[in-house]
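Thanks, everyone, for making time this morning. I would like to walk you through one structure, so please have the model open in front of you while I talk.

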Protein chains: 10
Amino acid sequence: MTETLLAAKASSGLTFAQLASHLGLDEMCVAAMLYGQASASPQEAAKLCDLLGLGKDAVAFLTRYPIKGCLDPVVPTDPLIYRFYEIMQVYGLPMKDVIQEKFGDGIMSAIDFTLHVDKVEDPKGDRVKVVFCGKFLPYKKW
Amino acid sequence: MTETLLAAKASSGLTFAQLASHLGLDEMCVAAMLYGQASASPQEAAKLCDLLGLGKDAVAFLTRYPIKGCLDPVVPTDPLIYRFYEIMQVYGLPMKDVIQEKFGDGIMSAIDFTLHVDKVEDPKGDRVKVVFCGKFLPYKKW
Amino acid sequence: MTETLLAAKASSGLTFAQLASHLGLDEMCVAAMLYGQASASPQEAAKLCDLLGLGKDAVAFLTRYPIKGCLDPVVPTDPLIYRFYEIMQVYGLPMKDVIQEKFGDGIMSAIDFTLHVDKVEDPKGDRVKVVFCGKFLPYKKW
Amino acid sequence: MTETLLAAKASSGLTFAQLASHLGLDEMCVAAMLYGQASASPQEAAKLCDLLGLGKDAVAFLTRYPIKGCLDPVVPTDPLIYRFYEIMQVYGLPMKDVIQEKFGDGIMSAIDFTLHVDKVEDPKGDRVKVVFCGKFLPYKKW
Amino acid sequence: MTETLLAAKASSGLTFAQLASHLGLDEMCVAAMLYGQASASPQEAAKLCDLLGLGKDAVAFLTRYPIKGCLDPVVPTDPLIYRFYEIMQVYGLPMKDVIQEKFGDGIMSAIDFTLHVDKVEDPKGDRVKVVFCGKFLPYKKW
Amino acid sequence: MTETLLAAKASSGLTFAQLASHLGLDEMCVAAMLYGQASASPQEAAKLCDLLGLGKDAVAFLTRYPIKGCLDPVVPTDPLIYRFYEIMQVYGLPMKDVIQEKFGDGIMSAIDFTLHVDKVEDPKGDRVKVVFCGKFLPYKKW
Amino acid sequence: MTETLLAAKASSGLTFAQLASHLGLDEMCVAAMLYGQASASPQEAAKLCDLLGLGKDAVAFLTRYPIKGCLDPVVPTDPLIYRFYEIMQVYGLPMKDVIQEKFGDGIMSAIDFTLHVDKVEDPKGDRVKVVFCGKFLPYKKW
Amino acid sequence: MTETLLAAKASSGLTFAQLASHLGLDEMCVAAMLYGQASASPQEAAKLCDLLGLGKDAVAFLTRYPIKGCLDPVVPTDPLIYRFYEIMQVYGLPMKDVIQEKFGDGIMSAIDFTLHVDKVEDPKGDRVKVVFCGKFLPYKKW
Amino acid sequence: MTETLLAAKASSGLTFAQLASHLGLDEMCVAAMLYGQASASPQEAAKLCDLLGLGKDAVAFLTRYPIKGCLDPVVPTDPLIYRFYEIMQVYGLPMKDVIQEKFGDGIMSAIDFTLHVDKVEDPKGDRVKVVFCGKFLPYKKW
Amino acid sequence: MTETLLAAKASSGLTFAQLASHLGLDEMCVAAMLYGQASASPQEAAKLCDLLGLGKDAVAFLTRYPIKGCLDPVVPTDPLIYRFYEIMQVYGLPMKDVIQEKFGDGIMSAIDFTLHVDKVEDPKGDRVKVVFCGKFLPYKKW
């Protein structure tokens with residue numbers, strides 16, 4: 001179904017950013033819905049399918065609660081995605097220390113969480129800026 | 001040696017941010033040096049070891065070109081670090097599409113790259129903000 | 001250090017429940033501290049080390065923010081722990097559906113979370129009752 | 001066949017709890033049957049298929065003795081299910097000690113076993129309560 | 001400690017069968033104790049250490065509740081042990097069917113369980129006879 | 001083809017034991033043939049297909065020399081089969097020692113080998129008895 | 001689609017080098033396009049499909065941004081490809097040292113990168129010459 | 001011993017290229033000897049140890065036939081080395097086709113093989129050039 | 001296609017040895033061709049397909065340069081093939097030493113290589129004799 | 001202990017073949033004993049230790065029944081040993097068919113088994129000949 005949705009998006013000529021502005025959401029959030037990694041509300045699904053010229057099956061797919069985690073191999077092989085895995089290999093423990101120095105023992109939520117992608121123009125070569133922002137969850141004692 | 005450096009930091013009472021301001025670097029970059037994941041220049045190493053009360057061995061450790069990648073298990077088990085792995089499982093392919101829609105076929109460099117951690121105060125619970133910013137590298141044809 | 005703490009507990013003759021009642025915490029929470037999987041406050045660490053006849057090193061160990069996840073093999077081999085892994089293999093997807101039917105798309109937090117163990121006496125053989133209770137975190141849209 | 005059963009349940013509009021009350025069983029137990037992880041008696045299967053408007057094939061599927069364990073990857077990637085795996089990584093050994101302190105050397109059965117899911121309303125955010133209850137099996141000597 | 005116990009057994013010249021007859025147990029059960037896979041009662045441990053000329057440390061080792069599962073690699077490499085793994089690869093599913101045809105849906109307990117090894121003399125070559133005997137545990141419904 | 005054979009057996013209403021008595025073989029051996037883990041002679045295959053109402057294709061399947069080993073995941077997830085894997089994790093090295101104490105350096109053959117399943121009635125709960133019996137093969141020197 | 005493209009190439013009788021000279025590209029670059037590991041521009045895709053007698057579907061396949069990494073098993077089994085993996089096992093760390101001695105701390109880009117294959121005739125047996133050439137990327141400090 | 005050799009090289013201030021010119025070998029070949037991945041002749045070992053101020057133990061280490069393959073994890077984590085693994089993931093099958101189109105069915109030897117590293121100066125950023133050159137070995141028929 | 005070729009061989013009643021004698025090759029070499037692990041010349045393929053009553057598709061399959069390595073799981077499960085893996089586990093390092101004592105540092109080629117299978121009749125039980133014969137390739141220095 | 005034995009052999013200047021001729025065994029068999037993969041009789045161990053100038057500890061090591069399988073990684077990385085693994089990847093299934101065509105359903109024993117290494121002189125390059133010879137074990141029916 002993801003293939004159908006992506007093909008419909010390709011023939012519509014709409015970007016993720018354009019789809020997102022119709023729904024009042026971020027482009028990353030819409031992309032996650034098309035990949036079956038996030039669920040849409042019935043209204044969001046209806047609007048999306050309208051824009052993409054798709055029917056009831058697509059609405060049903062977009063509104064269910066998906067089994068998440070779409071990368072088969074444990075270590076991803078696609079170079080773009082692997083770089084993020086490598087960043088954790090290299091900077092994971094230092095980042096853990098910096099976060100805990102600022103916040104105490106706990107984690108950044110991956111659920112109460114947003115993710116933005118921006119393009120930073122630069123004469124030496126444009127830069128990709130990716131911003132993760134999640135609620136800090138302190139470990140509970142009991 | 002990382003243990004020695006972290007113990008010296010702990011007894012000095014200095015934060016990563018304080019160490020970093022003495023070197024004119026970001027706290028993440030200094031944390032990566034202490035974890036043996038980034039190399040310092042001889043001057044940076046000397047200044048750091050001065051601040052931490054450490055000698056020549058520590059300077060040599062900080063200036064070598066390290067073998068990077070410090071997480072033994074392929075899938076990390078520490079909950080704080082795992083959340084970043086999970087984000088790639090869930091949002092990896094959607095993010096790849098959004099980046100490529102903005103930039104074309106290529107990747108975000110993990111080498112010509114910076115990483116910042118900020119605390120966003122929020123009455124409903126503070127938030128962790130992590131900003132990745134790397135040069136876009138387009139695939140070359142030949 | 002975990003070995004030292006467990007040996008000190010063994011020679012003190014105190015149970016986890018007895019240690020916990022001195023600290024006003026649950027026995028599971030105290031057991032997690034001794035195993036280096038949860039951090040104690042300075043006062044809790046001092047009281048614990050007092051009860052177990054241990055010194056400053058133990059206090060430092062108990063108050064640091066640990067790297068969590070203590071089971072080396074990906075699939076645990078100890079039969080007691082494996083049973084919990086098997087329960088997820090068998091009941092994981094059904095439980096996901098039941099939780100989502102009650103709560104919507106999201107997860108049970110493993111951080112804002114408590115875990116109790118009780119003994120249920122039964123003439124046909126006593127039963128182990130394990131109660132997991134974590135905050136429900138709905139997926140955020142943005 | 002699981003897909004057929006879940007689709008029939010979706011179009012019937014019945015919840016697991018409603019199906020379960022017709023059979024005198026717990027909702028988790030019925031969900032496990034639909035996922036092919038538990039076997040129904042012929043009467044239970046007949047009643048279920050009646051409620052869902054399904055025929056003989058579905059009855060045969062529900063009454064066979066299944067090969068259990070439905071999660072392909074060794075470490076699950078779905079965030080809801082992963083949290084339970086993480087709880088065992090973090091609290092597995094402490095819990096083993098607490099159980100053995102209460103019961104002696106042995107395990108909690110995953111076969112003579114029940115599993116309940118409850119919603120605990122809480123103004124700071126509702127909580128998911130999951131109760132595992134299994135017979136204690138002491139190791140036999142011979 | 002297992003090495004110490006096995007070395008003591010080797011210099012004592014006693015077989016597992018001889019040790020076992022002093023304790024009123026099976027030789028397999030005693031061998032499992034020496035390998036730290038089963039726990040002895042204080043009296044059993046005292047008697048064993050007496051026979052092997054060992055002291056308090058050995059008694060403590062023999063009476064604790066061990067973390068079980070002693071084979072590091074997931075697929076064992078030792079040829080004697082591998083053959084049992086291979087038997088499950090080849091006969092595992094057929095045996096599951098035969099057991100379920102006789103008993104219904106459930107398992108053979110590996111906890112309420114005994115294991116005997118016998119030598120069957122045969123002019124064409126002696127045979128190893130291994131008898132597994134465990135309580136049948138039917139799946140509970142709830 | 002295994003599915004066809006098992007379906008034919010199910011509709012015939014014959015047990016493995018009944019099929020086996022027609023062929024003068026053990027039920028485990030017949031089950032292994034149906035699962036494609038053992039090869040039948042042409043006469044045995046013909047008789048079996050006769051009893052199950054199947055034709056030439058089934059005879060060809062039953063008489064070929066199969067690629068053996070039918071469990072995909074390295075560590076089996078089905079609880080019934082996993083228990084046998086766990087027994088080797090816990091009792092593998094002790095059993096190796098007991099066998100070698102009785103027989104010398106060598107292995108139990110998994111080829112010149114039989115496997116029986118029996119039901120032992122017991123008022124406290126019936127027991128599954130599984131008997132492995134294989135030729136002892138001593139290591140050759142040369 | 002890769003199979004269709006390779007079959008069309010086979011029946012056209014054209015080599016990779018001949019295809020490449022029509023496009024003004026290297027043969028390796030064209031081979032990567034046919035394998036779905038590199039993207040073509042619309043003009044390149046049109047010319048290629050013209051030469052191979054293929055239509056719009058093939059053009060669409062050649063111009064998309066592919067998920068890269070085509071070898072399923074983590075360690076490749078094909079002997080030709082394995083040899084390159086082995087070279088990294090044997091010469092990886094020495095090569096890292098030599099590169100860093102020449103360039104400082106950083107990596108060779110696999111994105112801003114070319115790869116050539118040449119045949120070196122030699123009376124003792126021809127030799128395969130493979131030249132990797134990628135931009136050096138120094139680690140950034142911040 | 002590799003650590004001793006690399007430390008001696010570091011304090012000697014000699015580069016791999018300088019060491020290599022004294023032995024009439026390539027710098028990569030000398031680096032492989034220091035990493036225990038290639039064996040030196042007794043004369044080469046003597047000359048190297050002379051230059052580095054080391055004794056008999058180092059000579060013995062350099063002349064033995066080593067167990068090769070020094071990277072523990074199956075997929076390397078160091079970013080410099082990983083890039084070569086990624087190149088095979090992306091270009092492995094296309095390269096196999098190009099080599100076989102030029103040479104027929106066979107492989108490039110990783111034994112009768114040389115490896116050179118060069119620095120290519122470039123105003124847009126220097127480039128790393130790595131040249132692999134191995135004998136082509138055609139598959140034998142018999 | 002391998003299945004088609006093996007089925008055609010089965011209905012032809014010809015053994016690998018008979019096929020091989022028509023082609024002037026060894027039976028192992030012909031078996032490898034049918035399994036798609038070795039390539040035939042156009043004449044060999046034509047003759048084989050003639051003998052097996054197959055057409056152009058089979059000729060094309062037999063003459064292509066295959067991706068080699070046909071065993072999916074890393075550790076093979078079929079008992080016949082596993083024994084060869086076990087032999088390397090047990091005798092691999094000793095054999096490496098014996099080969100290097102006779103030949104120096106290098107390997108036996110698996111490409112310039114032949115493999116024969118013979119039956120050695122023996123009153124105590126026939127024996128399988130497998131002969132590997134490959135060119136010795138010494139490591140090159142440069 | 002293996003290191004001690006190999007060092008003693010190195011300083012004695014004796015080859016495996018010379019050691020073996022003193023014991024009336026094959027050199028491979030003696031090499032396996034030194035690597036702790038085969039057990040020696042007390043007389044063989046005494047003679048070996050005499051020749052190598054070693055004492056009681058070495059005799060005890062050589063006569064125990066070892067845990068076999070000495071290669072840590074599942075897929076071996078040493079190039080000499082890997083080639084044998086690759087041969088099974090490429091020729092494993094064809095060889096299985098050829099052996100079964102000659103012998104029926106069964107395996108070659110890896111226990112009642114010998115292994116010889118010979119040097120075949122050849123003007124085009126010497127060849128390594130490795131002969132495996134094991135008893136054929138037919139599958140038993142019961």
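Let me begin with the largest nonpolar core, which has 517 residues, and in which Val30(B), Val30(C), Val30(D), Val30(E), Val30(G), Val30(H) and Val30(I) touch the most other members. Before going further I should say that this is a predicted model, and everything I describe should be heard with that in mind. If we take chain H as the example, and leave aside residues up to four places away in sequence, Val30(H) touches Phe16(H), Leu19(H), Ala20(H), Leu23(H) and Leu25(H). As general background, nonpolar side chains in soluble globular proteins tend to be buried together.

Let me turn to the make-up of a single chain, using chain A. Reading from the N terminus, its elements run α-α-α-α-α-α-β-β, that is, six helices and two strands. Along the principal axes, the C-alpha atoms of chain A fill a box of roughly 50 × 50 × 30 Å, and 54% of its 142 residues count as buried. Of the contacts in chain A between residues at least 6 apart in sequence, 55% join residues at least 24 apart.

The domain assignment divides chain A into domain 1, covering 2-63, domain 2, covering 73-104, and domain 3, covering 105-142. Between domain 2 of chain A and domain 3 of chain A, the C-alpha centres lie 12 Å apart, and the contact involves four residues of domain 2 and five residues of domain 3. On the domain 2 side of that contact in chain A, there are two nonpolar and two polar residues, with no charged residues.

Moving to chain G, where does helix 6 bend? The kink, of about 65 degrees, lies at Tyr91(G), shortly before the proline Pro94(G), in a helix that spans residues 79-103. Helix 6 of chain G is largely enclosed by the rest of the structure, because 22 of its 25 residues are buried. After helix 6 of chain G comes Gly104(G), which has a positive phi, near 95 degrees.

Finally, the strands, for which I will use chain I. Strand 1, residues 106-120, and strand 2, residues 127-138, run antiparallel in chain I and are joined by 11 bridges; one of the partnerships pairs Phe113(I) with Gly134(I) in strand 2. The two strands of chain I form a hairpin with six residues between them, and in the turn Gly125(I) has a positive phi of about 130 degrees. I will stop there and take your comments.

Definitions and conventions. Residues are numbered from 1 along each chain as its sequence is written. Chains are lettered from A and ligands numbered from 1 in the order in which they are written. This is a predicted model: local features need pLDDT of at least 70, side-chain atom pairs count only at pLDDT 80 or more; totals for chains, interfaces and linings use all residues. The bend at a residue is the angle between axes fitted to the seven residues ending there and the seven starting there. Helices (H or I, at least four residues) and strands (E, at least two) are DSSP runs, numbered from the N terminus. A residue is buried if 20 or more other C-beta atoms lie within 10 Å of its own, exposed if 12 or fewer, and partly exposed in between; C-beta atoms are placed from the backbone. Two residues are in contact if their C-beta atoms, placed from the backbone, lie within 7 Å. Domain bounds come from an automatic or database domain assignment. Ala, Val, Leu, Ile, Met, Phe, Trp, Tyr, Cys and Pro count as nonpolar, Asp, Glu, Lys and Arg as charged, and the others, Gly among them, as polar. Two strands pair if DSSP finds at least two bridges between them. A nonpolar core is a set of buried Ala, Val, Leu, Ile, Met, Phe, Trp, Tyr and Cys residues joined through C-beta atoms within 7 Å.
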